[in-house]
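Trainee: I have the model open. Can we go through its packing, step by step?
Mentor: Yes, ask away.

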Amino acid sequence: FYAFAGTLLFLLSAPVALASQLLMLRHYIEGALFALLSIYLFVTALRKERSLFAVFAAFFYLISMSAKELYVPLVFIILLLPEKTFFQRVRYAIPSVLSLLLYFIWRSWMLGRFVGGYESRLFHDSLLSEIHRIFLRNTLESIKMLSGNNQVIFLIALALTAILTIAVLYHLLLRKKFSSLFFFVSLIFFSYIPISPAILSISADDFLSYRLLFSISILYGSLISVAAHYLSESEASTGIRSFIHSRGVPNIKLSKWLPVLTVMAILILTSLGSYRWFHILRKTIIRPLTAEGVFLMEAENDAIMVKALPIPVNNYYENLDYFKRKYENGRLPLAIYDVFIFLDGEKSSQLRNTTVYKYSFEINRMVDVSEDFRRKRAQYISNIRNLPFSVKLNVREGGMNFSLGPSSAGSYFLLAGYLPGIYNTFLSIPRSLPNRRYVGNVKLYIRFGWKSPDGFVALSPEWFFDFSKDQEIVWEQGETS
């Protein structure tokens, strides 16, 4: 029962709901399939003492890692399984260790360095802020995300998980089951390896960061299953009953049902939270992106599409442009955010006869917003002033830090795009970012802006940045009459 409940907890979690709907996350699910096959074959090799099963386990482990690197810790987890002796597990894990070495050689050759892709932010900040981010904020945020970003469900699931975990640790220590205790603590540790050195702090409000919890949702389900299994043992049930009775509550016979009820409560609550979260996600993000994708593939290349969402999913539009060029010999229409195109007045004449479209949430389709767009753009440009504004920006090793000024009032923002004068990304930003924030080896046209409390706007010049190269900008303008 507990294994089945843990499996359902994983399958109905928010990260799996996201991965099942987005094609670009399909490799997470494919990797999970091969990882599970690897574990099954490894356990079979131990029980039947057949090395051939261990070789097949290593083969599927290699495939799972090639699908997604988050399955790398699997070789360490299988060494901790409470099956046979530790030395037998090490012996049958040798083929998997060889697969891991082969994977690292292949990955370093593909990426040009031993570790590639995302850059770790570990210890870029102060030690205390790293401890807060890794061991507190990310841990709590992950449980909140697995609960579907619902505050009430999060608090209940957090409390039930903490109670279950503490009860298991107390039981295993009391009964001196140190091997089981080591396995349980190791499971907790490995559950948070994928996000402990996360390049960005995960956020329940960022739907794409839910993919970082895919492996954690697997291990969270396993954690709950294992915890409930340990507590369902007869001696644990007796211990719980004795503990409750010692607190002055007589004749309690519910102790043997506590693990079942706790697991069922966590499963039902997190499933409801996940369903609610994904229902909102489909309505507010997936449907708009789908409608925009269909429009961009079918529309003429002289049209303009105003993005319905400020989220920077630019690779989505880049991939659509690639497919349209390759298979339809066409070009994708320009995709911008709000009115951010040709803000300096250049090439404005090109927009007079251009049809502008935007997704309508009310009717779930693209609509013509040309007149409204031109009116809003003209009004925005009329509010641009030569106000006091300064930018200090440093780009180094794929990351950047900046300081903007001089005012502490109003709001600062960043515009970015892949073409000069055309911006498809708008980000509200703090006045300063002293610690380097990793961006990646991308090439972008960027300009900063400041909106004063009275509604006027100051803009920096547009700069082209190749984030694979070190660059530094110091710029300042003063108010003129």
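**Helix α3, cores and a surface patch**

Mentor: This is a predicted model. Start where helix α3 has just ended: glutamate 49 has a positive phi of about 55°.

Trainee: What span is expected for helix α3, at 1.5 Å a residue?
Mentor: Helix α3 covers residues 26-48, which is 23 residues. From first C-alpha to last it reaches 33 Å. That is close to the expected 33 Å.

Trainee: Which elements do the buried residues of α3 pack against?
Mentor: The buried residues of α3 include Tyr28, Ala35, Leu41, Phe42 and Leu46. Their partners are α4 (51-67), α5 (74-78), α6 and α10 (214-232).

Trainee: Which helix gives the largest share of the largest nonpolar core?
Mentor: That core has 88 residues. Phe42, Phe184, Trp277 and Leu281 are among those with the most contacts inside it. The largest share is 13 residues, from helix α12 (residues 258-298).

Trainee: Which residues does leucine 281 touch, leaving out those up to four places away in sequence?
Mentor: Leucine 281 is itself among the residues with the most contacts inside the largest core. Beyond its sequence neighbours, it touches Leu18, Phe207 and Ile286.

Trainee: How many residues are in the second, separate core?
Mentor: Its members include Leu387, Ala416, Ile429 and Trp475. The count is 23 residues.

Trainee: Is isoleucine 94 buried, partly exposed or exposed?
Mentor: Isoleucine 94 sits in helix α6 (residues 86-111). With Val97, Leu98 and Leu101 it forms a nonpolar surface patch, about 360 Å² of accessible area together. Its relative accessible area is 46%, between the 20% and 50% cut-offs, so isoleucine 94 is partly exposed.

Definitions and conventions: Residues numbered from 1 in each chain as written. Predicted model: local features only at pLDDT ≥ 70, side-chain atom pairs only at ≥ 80, totals over all residues. Heavy atoms only, no water. Core = buried A, V, L, I, M, F, W, Y, C linked by side-chain atoms within 4.5 Å. Buried < 20%, exposed > 50% of the residue type's maximum accessible area, 1.4 Å probe, protein only. Helix = DSSP H or I, 4+ residues; strand = E, 2+ residues; numbered from the N terminus. Contact = heavy atoms within 4.5 Å. Patch = residues over 30% accessible without salt bridge, like charges linked within 9 Å, V, L, I, M, F, W, Y side chains within 5 Å. Areas by Shrake-Rupley, 256 points an atom, 1.4 Å probe, with all protein chains shown as cover. Salt bridge = Lys/Arg side-chain N within 4 Å of Asp/Glu carboxyl O. Expected span 1.5 Å × (residues − 1).
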